[in-house]
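User: Please take a close look at the metal-binding part of this protein and then place it in the context of the surrounding fold. I would like one connected account that I can follow with the structure open.

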Amino acid sequence: MLYHMPTKLYYGQRCLFDNKKDLILGEKALIVTGKNSARLTGALGEVISALDEYDIPYVHYDEIKENPTYGIVMKGKEIALKEECDFIIAIGGGSPMDAGKAIAVLTANPDLTPDDLYNAETYDVALPIVAIPTTSGTGSEVTPFAVLTKPNGRKSGFKSELIFPDVSYLDPKYMIKMNKGLTLTTAVDALSHSIEGVLSKKSTTISDMLARESIELIYEYLPKTLNDLENIEYREKLAIASTLAGMVIAQTGTILPHSLGYRITIHKGIRHGQATAIFLPFVMEEVDKYEPEKTKMIKKIFGNIDKFFEFLKELGVYDFDITFTDEELELFTKEVMSSSHVKNTPGIYDEKKIKEMYKKISKI
Ligand SMILES: [Fe+2]
């Protein structure tokens, strides 16, 4: 058994301000963000004043969109090379952090294409990475994963030990401005990470311990946070829960709900966390048939699988209306069946069963 999480993680209010020296991992930084959240949360301002204090120059690349593409990360690489940046500071939700990780590898290995990222044997170096989350869901601040959208529209993650961030700062005050919708979808992404980690064939004693704490925190504090969005104590609980969930998938990876959800995000525009969480009860039912031991802890927390479904429903996770054409069902099913997530999910899955999962969510 192995537990490996090499990221230095600072957490709690003011953690960046109090430990800003550790942000300096080179001589010139590429700051990677989206258009708004890094600025609005105050995280960008704190980073820039820390860099100024230590006389570290920087370039700001602020064009990361949700579900980053090859084009977006290649542009970041070109800027980093031209400006001779030697470390990355990624600020934002999963998209800027994942794009920052891809840019860190591509800049250190200029001959690589984004497709090569998926073959970790083709590179053995990356720029150092600082990650500063402004949402609590992805867990990317403590994982060796990054998810990109390929030119064929397929969302797919790559894994390399080199993209564990070197330093992460988890300050709940950056999350306090998240609106209700974003709070919900990011928190149920974290919930999916922990629950999938427990169900996964790769779960371990340590990943289960982290997952249990994370699930209990989300169960207690997500409903409270949705009714009191600016409560910093609640935000801190969800931030910890999300990072614990990241530590879980750093060991186990994600399983079937993530693969099912990727298609809904790309083709139906439903945000990642929600698109994934909607499948959790159905996959849990399947796992329960074959390996009931795996669902025991989750049933203990929520009561039973039906109550877990009701919990998600009351949160508004199923508040959408989608239908699928036969062609879409064929395409999604083929993509899911060929994804690595299936083989780590206990149970027996064939095309018929995958199609049924999609049909279930189109009826709710
Ligand atoms: Fe996720």
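Analyst: **The iron site and its surroundings**

H258 has a relative accessibility of 2%, so it counts as buried. The model under discussion is a predicted one, and H258 is a useful starting point because it is one of the protein donors of the iron ion, the full set being D189 through OD and H193, H258 and H272, each through NE2. These donors lie 2.2 Å from the ion. D189 likewise counts as buried, because its relative accessibility is 6%.

Which spacing do the donors of the iron ion follow along the chain? The pattern is D-x3-H-x64-H-x13-H. D189 belongs to helix α6, which spans residues 180-199, whereas H258 belongs to helix α9, residues 256-268. The pair is 69 residues apart and links distant parts of the chain.

The geometry is irregular, because the four donor atoms subtend angles of 82 to 168 degrees around the iron ion. To count as tetrahedral, four donors would need all angles between 85 and 135 degrees, and the range of 82 to 168 degrees therefore falls outside that limit.

Helices α6 and α9 also take part in the packing around helix α11. The buried residues of α11, a helix of residues 280-290, are L280, P281, F282, V283, M284, E286 and V287. What covers them includes α6 and α9, together with α10 (272-277), α12 (292-302), α13 (305-315) and α15 (351-363).

Two of the buried α11 residues, L280 and M284, reappear among the contacts of I195. Leaving aside neighbours within four places in sequence, I195 touches I215, L280, M284, I298, F302 and F308. I195 and Y358 are the residues with the most contacts inside the largest nonpolar core, a set of 64 residues. A second, separate core contains 27 residues, among them V73, I103, V105 and A146. In soluble globular proteins, nonpolar side chains tend to be buried together.

Continuing from the helical surroundings, E328 lies in helix α14, residues 326-337. Its side chain reaches the backbone nitrogen of T325 at 3.0 Å. Beyond its neighbours within four places in sequence, E328 is in contact with K268 and T323.

The sheet part of the fold can be read from strand β2, residues 29-32. Both faces of β2 are covered: A29 and I31 are buried on one side, and L30 and V32 are buried on the other. Strand β3 (residues 58-61) runs parallel to β2 and is joined to it by four bridges, with Y61 as the bridge partner of V32. Strand β4 also pairs with β2 in the parallel sense, again over four bridges. There, V32 stands opposite A90.

Elsewhere, strands β6 (residues 145-149) and β7 (residues 155-159) pair in the antiparallel sense over five bridges, and V147 stands opposite G157 of β7. The two strands form a hairpin with five residues between them, and G153 in the turn has a positive phi of about 85 degrees.

The loop between β5 (129-133) and β6 contains T134. Is T134 buried or exposed? Its relative accessibility is 3%, so T134 counts as buried. Apart from neighbours within four places in sequence, T134 is in contact with S37, T41, A43, I91, G92, G93, Y174, M175 and M178. With S37 the contact is polar, between the two side chains at 3.4 Å. The C-alpha atoms of T134 and D171 are 8.1 Å apart, although 37 residues separate the two along the chain.

Two loop residues deserve attention for their backbone angles. Most residues other than glycine have a negative phi. R14, however, has a positive phi of about 70 degrees, and E84 has one of about 55 degrees. R14 is found in the loop between β1 (8-11) and α1 (15-18), while E84 is in the loop between α4 (70-82) and β4 (87-92). R14 counts as partly exposed because its relative accessibility is 44%, whereas E84 is exposed, with a relative accessible area of 65%.

Note on methods:
Residues are numbered from 1 along each chain as its sequence is written. This is a predicted model: local features need pLDDT of at least 70, side-chain atom pairs count only at pLDDT 80 or more; totals for chains, interfaces and linings use all residues. Side-chain values use heavy atoms; hydrogens and water are left out. A nonpolar core is a set of buried Ala, Val, Leu, Ile, Met, Phe, Trp, Tyr and Cys residues joined through side-chain atoms within 4.5 Å. Buried means under 20% relative accessible area, exposed over 50%, partly exposed in between (1.4 Å probe, protein chains only). Contact means heavy atoms within 4.5 Å. Donors are N, O and S atoms within 2.8 Å of the metal (3.2 Å for Na, K and Ca); water is not among the atoms, so sites may look incomplete. Four donors count as tetrahedral if all angles lie between 85 and 135 degrees; four count as square planar and six as octahedral if opposite donors are over 155 degrees apart and all others between 65 and 115; anything else is irregular. Two strands pair if DSSP finds at least two bridges between them. A polar contact is a pair of N or O atoms within 3.5 Å; within protein, one must be able to donate a hydrogen and the other to accept it, and residues adjacent in sequence count only if both atoms are side-chain atoms.
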